[in-house]
Amino acid sequence: MIWQLDLSILTLIVICAFATIMVKDLLSAAIIFGAYSFLMCLLWTEMGAVDVAFTEASVGAGVSTVLFFAAVHQTTRRVRTRKSGRMLAKVFALMAALLTGLVLIIAETDFPGFASPFTPASLHLSPYYITQSLHDTNVPNIVTSVLADYRGFDTMFETAVIFTAGLAVIAILRRYKRDDRCDLPEPYVISEGYPDTIIRFIARQLAPFIQLFALYVVAHGHHSPGGGFQGGVILGASFILLAISYDSRMIIGIMSERLNILLGNIGVLIYAGIGFLCLLLGANFLDYSVLSKVLPATDKIMARSHGMLGIEIGVAIAVMAIVISIYLNIISHGKYDKG
Amino acid sequence: MSFVKQAPVLLVIIPLLSALLVNILGLVNRRYCLPVAILGILGSFAASVVTLIRVIENGAISYRLGGWPPPFGIEYVIDHLNGLVLVTVSFVSLLAVIFSKESVKQEVPEKIPQFYTLFILLVTGLLGMTVTGDAFNLYVLLEISALTGYALIAMGDNRALVASFNYVILGTIGASFYLLGVGHLYIMTGSLNMADLLTILPGLYSLNAVFIALLLILVGIWIKMAFFPLHGWLPNAYTYAPSAAGCLVAPLVTKVSVYIMIRIMLSVFSPLYVYSIIGLSETIVWMSVIAIISGSILALAQTDFKKMLTYLIVAEVGYMVGGAWLASAAGLTGAILHIVNDALMTLCLFLFAGIVIYKKGGHQLQDLAGLYKKMPVTMAAFTVGALSMIGVPPTAGFFSKWYLILGAIDAGKYHFMAALLVSSLINAILFFKVIEIAYFEPKVDHHGGETEKVIIDEAPLTMLVPLIIVALSLIVIGLYSGDIITNIIQHSVPAGLL
Amino acid sequence: MQSIISSYNYWIYILLMMIGLYAMLAKNNLVKKVIGMSIFQTAIIVFYVSTGAKEHATIPIIAHGHGAVEAAVDVAHYANPLPHVLMLTAIVVSVGTLGVALAICLGIHRRYNSLEEDEIQEQL
């Protein structure tokens with residue numbers, strides 16, 4: 001924890017935030033937002049939150065930026081610059097923002113000092129997790145054990161949130177007929193017929209390595225930063241990379257829409273299913289220790305560790321499928337063909 | 001595994017699993033979607049009823065998820081208050097899902113599997129929010145119900161997308177404020193478990209940060225429940241949503257938010273803190289007076305039937321917020337009873353609106369003309385709902401309003417009582433106007449002759465039966481409201497109140 | 001100086017929050033509103049992660065070796081893992097919201113051929 005570094009990163013973050021809001025071109029805004037996310041990721045590494053940083057790097061700086069690109073690509077880069085109207089909205093927004101700021105500043109004066117080891121937050125619950133995690137679950141990465149076991153129920157619904165988001169995007173955008181409710185011409189002529197051999201070659205060579213790394217991230221989440229979410233997003237990203245450098249059709253050839261939906265379902269189902277299995281074996285929901293009855297040669301503690309691995313795999317499958325599905329729907333404007 | 005012992009978690013897990021199943025089966029054949037959806041919600045309804053009975057017999061239940069002891073793991077806590085809300089939520093969604101059969105076929109024919117999956121996930125989210133005893137777990141489920149809500153509303157007609165976008169922006173502000181409030185509690189106490197917070201917080205009551213935490217949580221939930229003046233997103237979103245989605249979203253989302261407000265007030269902070277120490281009661285009761293009056297007046301100004309109902313929701317939210325902040329036992333009882341009653345009344349009216357849309361294709365007031373002759377049963381059920389909304393005995397609406405007025409008198413807040421009476425009067429004018437259009441105004445036919453025989457043309461049974469059931473239940477709850485109060489609600493009102 | 005160091009993280013999160021809230025309410029362009037929403041959500045993540053930071057502490061992964069005798073774990077040695085867990089969830093939720101919001105933007109653009117709020121309002 002070096003406060004000079006902390007402060008300079010934070011300053012850059014604020015500059016990026018201003019720039020994203022002010023810039024008139026949406027594509028630039030998306031790029032600056034990517035930089036913003038990446039700075040966030042540095043900030044969190046610096047504060048010791050490596051798992052958060054990893055997730056931010058893959059989700060915030062990676063997928064979010066790609067989604068912004070896809071959306072801007074499908075609509076327009078232009079932000080209209082006419083300086084009229086909206087004064088009322090601006091004044092109101094400014095008032096709301098200032099009021100919120102003021103209230104939060106007042107609350108801030110009561111906070112215990114930043115980074116002090118004697119705050120209630122570091123004295124009440126966290127010592128238990130830090131001292132007991134290895135003993136209870138045999139998982140040295142405390143974030144993984146809290147995420148997948150102590151608070152595993154949150155994480156199950158977190159997976160369900162992603163699944164919901166994927167379905168929601170399908171429900172909103174997907175068009176099954178060619179001209180369903182749409183009289184407008186295609187907004188963009190997609191720059192087809194510009195195959196860049198170098199990019200394609202590199203992307204194709206890179207993809208298997210990215211996928212291998214993703215599997216490592218999933219499998220090694222117990223011992224190092226990473227886990228189902230990060231691994232799943234990276235797996236999804238490897239497909240998106242191919243979709244960008246080649247054509248979405250190629251990816252749809254490998255991962256059809258049905259397969260995507262099915263995989264998303266199966267992922268969540270693995271998670272909920274493991275929880276349900278615990279119920280059937282007579283323990284509470286998601287109490288993995290009871291899995292030692294069915295897993296050979298495992299005691300209760302190792303059963304927890306294995307249970308967590310199982311749900312991480314489920315999470316990875318679901319996240320991968322949904323990330324691909326959201327991207328393909330947005331880039332093809334719901335028609336699921338080209339882009 | 002015993003069903004009774006595991007019921008607290010099963011009531012959330014059964015719908016979750018059935019949502020996944022619906023989606024998978026939807027890839028095979030769309031006809032399987034509805035039966036699985038109904039079964040899932042039925043299972044959850046059974047589990048809620050079992051849990052409520054257990055609570056009435058033995059007192060509050062705590063369920064440890066993952067087997068971890070409470071402040072470290074996540075805990076489900078079911079007491080009289082949320083047991084009642086759970087049964088209401090699952091009952092309303094059961095009726096709404098049965099109703100949806102025909103209207104989904106008509107309005108979103110291409111996306112039936114997605115619709116039902118999102119529909120059940122919304123129910124899962126609402127039930128999960130109600131049952132949890134962990135402040136952060138509540139946020140995750142809040143987001144599930146929010147995301148499904150955005151998508152279900154966006155599936156409606158052309159203007160629904162813009163309405164849904166506004167809902168996304170405001171809904172996210174609301175959820176983020178809630179999260180930030182929980183963060184403030186976390187930084188001050190180090191805990192996320194509600195019961196744990198209740199024991200730690202009294203030592204910190206004098207600090208501004210704790211007060212601001214409550215303020216942030218309240219504003220966040222108020223946005224979610226569309227408490228005036230934070231209601232901007234609601235009327236358009238609920239008006240243009242597909243009618244099957246409206247029947248689920250409109251009765252439940254605002255009511256569950258009201259429940260959460262009461263839960264935070266009583267089980268995270270204490271009655272002592274919210275009613276005495278911070279002295280916000282007076283302000284918030286005045287705010288709800290404004291909400292009730294302006295909601296009713298705006299409703300009066302509408303020519304669109306469905307939009308009129310949405311403004312009535314805004315007014316009803318004012319009833320419940322005001323009742324909860326009256327700081328009197330009768331007021332709180334009324335507010336809790338009104339959560340149940342209002343969910344059923346809103347369901348009744350939205351089911352009716354759904355039937356009108358199905359039959360007539362529109363939701364203007366003029367579309368109702370002449371309906372008494374064509375659909376006598378539907379209109380009879382609607383009349384019960386309308387009477388309950390006005391507050392005519394023996395319908396359920398009368399009793400909760402009665403307790404709210406008693407509470408206002410106990411607390412000496414006569415302006416709140418006046419607002420309730422004015423709003424009842426406006427409701428009466430409003431619904432008699434509707435009934436007049438539907439009853440007396442003859443339908444303009446191309447012949448214009450009165451001799452023409454009116455053919456009775458009721459909606460299909462899957463739409464009619466839920467409407468009849470909900471209308472009957474309004475009367476039944478009205479008749480048994482005394483029992484509900486003595487057996488259930490009384491136990492959730494803290495003893496210290498007047 | 002000491003007081004600045006002990007609270008600048010919180011000041012910055014408040015600043016980011018204000019920027020995000022302003023953009024969500026004041027901007028006319030829908031994608032800009034969505035960007036504001038993302039900044040708003042990350043601001044809260046900054047807040048939570050800051051509550052978990054601890055001086056002289058390392059990342060919350062316990063140093064271990066296979067077969068080594070388990071030494072007692074020193075609490076002061078590791079950062080508070082709970083906020084990290086909560087924020088993993090929050091990041092995932094925010095990307096889900098982002099996807100849905102962008103999908104709605106695309107749907108709106110398809111129907112009204114515009115991303116400017118006032119132009120859309122005129123067409124309604």
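**Helix α9 of chain A and the contact between the chains**

In the predicted model, helix α9(A) has three residues to start from: A:A214, A:V217 and A:V218 are buried there. What lies over the buried residues of α9(A) includes two other helices of chain A, α10 (228–245) and α13 (300–331).

The helix itself, residues 197–219 of chain A, passes a simple length check. With 23 residues at 1.5 Å a residue, α9(A) should span 33 Å, and its end C-alpha atoms turn out to be 34 Å apart, so the two figures agree. Still, α9(A) isn't free of a kink: there's a bend of about 30° at A:L206. A proline, A:P208, follows within four residues of that bend.

Now for how the two chains meet. On one side there are 51 residues of chain B, in contact with 46 residues of chain A. Looking at the chain B side, the elements that chip in two or more residues are α1 (3–28), α4 (112–131), α5 (135–154), α6 (160–189) and α8 (208–225). Of these, α5(B) gives the most, with 11 residues. Sorted by class, the side of chain B that touches chain A comes out as 32 nonpolar, 15 polar and four charged residues.

As for how far chain B can be trusted, its pLDDT averages 87, and 97% of its residues score at least 70. Helix α5(B), the top contributor to the side touching chain A, also has the highest confidence in chain B, at a mean of 92. At the other end of the scale sits helix α15 of chain B (residues 371–374), where confidence is lowest, at a mean of 76.

Methods: Residues numbered from 1 in each chain as written. Chains lettered and ligands numbered in written order. Predicted model: local features only at pLDDT ≥ 70, side-chain atom pairs only at ≥ 80, totals over all residues. Contact = placed C-beta atoms within 7 Å. Nonpolar A, V, L, I, M, F, W, Y, C, P; charged D, E, K, R; others polar. pLDDT = per-residue confidence, 0-100. Expected span 1.5 Å × (residues − 1). Bend = angle between axes of the 7 residues up to and from the residue. Buried ≥ 20, exposed ≤ 12 C-beta atoms within 10 Å, placed from the backbone.
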